[in-house]
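Reader: I should like to learn how to read a charged side chain and its surroundings in a structural model. Please take me through one case.

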Amino acid sequence: MRCGAISGLVMSSAKKNSERLIKKYPNRRLYDTQTSSYITLTDVKQLVLESEEFAVVDAKTNDDLTRSILLQIILEEEASGAPMFTSVVLAQIIRYYGHAMQGMMGSYLEKNVQAFTDIQHKFTGNAAGTFEGKPFSPEMWTQFMNVQGPMMQGMMNNYIDQSKSLFVQMQEQMQNQSKTMFGTFPFNPADKPK
């Protein structure tokens with residue numbers, strides 16, 4: 001084994017060791033191995049908000065359940081208060097499951113969320129993220145966004161337009177590549193089943 005491969009394994013296991021382990025038991029209870037106590041979904045949500053790295057595993061099978069727990073938190077958030085996703089958006093996302101574009105759509109959404117997060121961090125990293133040396137509270141952010149709303153909406157609209165244009169270009173490239181790849185096959189449109 002080469003040195004690079006060994007250091008990669010060491011880094012990978014070091015990351016796993018630094019990751020907080022939460023076990024889910026058949027009684028649906030979550031057990032935090034770091035604090036040696038049972039926790040709730042609200043506690044897991046707090047770990048997410050604090051950018052704490054963690055993994056949730058089935059206590060019996062050791063299967064990774066992190067995604068399903070995160071989806072439960074999203075479901076609870078969507079059910080209470082103001083939902084982030086409309087029914088139309090959720091239906092569109094569901095339609096991409098099993099579709100040839102599923103992988104690309106997941107990557108596209110992930111990159112857009114990351115870009116939005118980067119914009120937010122730029123705001124919070126500047127003086128706009130603090131007031132008299134204190135971080136903005138949610139109420140202060142609401143007031144700030146009410147004042148800055150039109151400017152932010154314009155920025156986001158421009159970003160969405162550029163993103164949409166890029167997505168359409170990617171789709172056209174894929175169609176052109178498919179035509180080029182399969183254009184040499186003798187398909188007769190009249191042979192299509194009716």
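**A buried acid and its surroundings**

Author: Glu78 is buried (under 20% relative accessible area, 1.4 Å probe, protein chains only). Glu78 has no salt bridge (a side-chain nitrogen of Lys or Arg within 4 Å of a carboxyl oxygen of Asp or Glu). The nearest side chain of opposite charge, Lys45, is 11 Å away; Lys and Arg count as positive, Asp and Glu as negative, and His and the chain ends are not counted. This is a predicted model, in which local features need pLDDT of at least 70, side-chain atom pairs count only at pLDDT 80 or more, and totals for chains, interfaces and linings use all residues. Residues are numbered from 1 along each chain as its sequence is written, and side-chain values use heavy atoms, without hydrogens and water.

Reader: Which backbone nitrogen does the side chain of Glu78 reach?

Author: The side chain of Glu78 reaches that of Met84, at 2.8 Å.

Reader: With which residues is Glu78 in contact, leaving aside neighbours within four places in sequence?

Author: Contact means heavy atoms within 4.5 Å. Glu78 is in contact with Pro83, Met84 and Phe85.

Reader: In which helix is Glu78 found?

Author: Helices are DSSP runs (H or I, at least four residues), numbered from the N terminus. Glu78 is found in helix H3, and Ile74 lies in helix H3 as well.

Reader: Why is Ile74 classed as partly exposed?

Author: Partly exposed covers the range between buried and exposed, the latter being over 50%. Ile74 is placed there because its relative accessible area is 41%.

Methods. Helix = DSSP H or I, 4+ residues; strand = E, 2+ residues; numbered from the N terminus. Polar contact = N/O pair within 3.5 Å; in protein donor to acceptor, adjacent residues only side chain to side chain.
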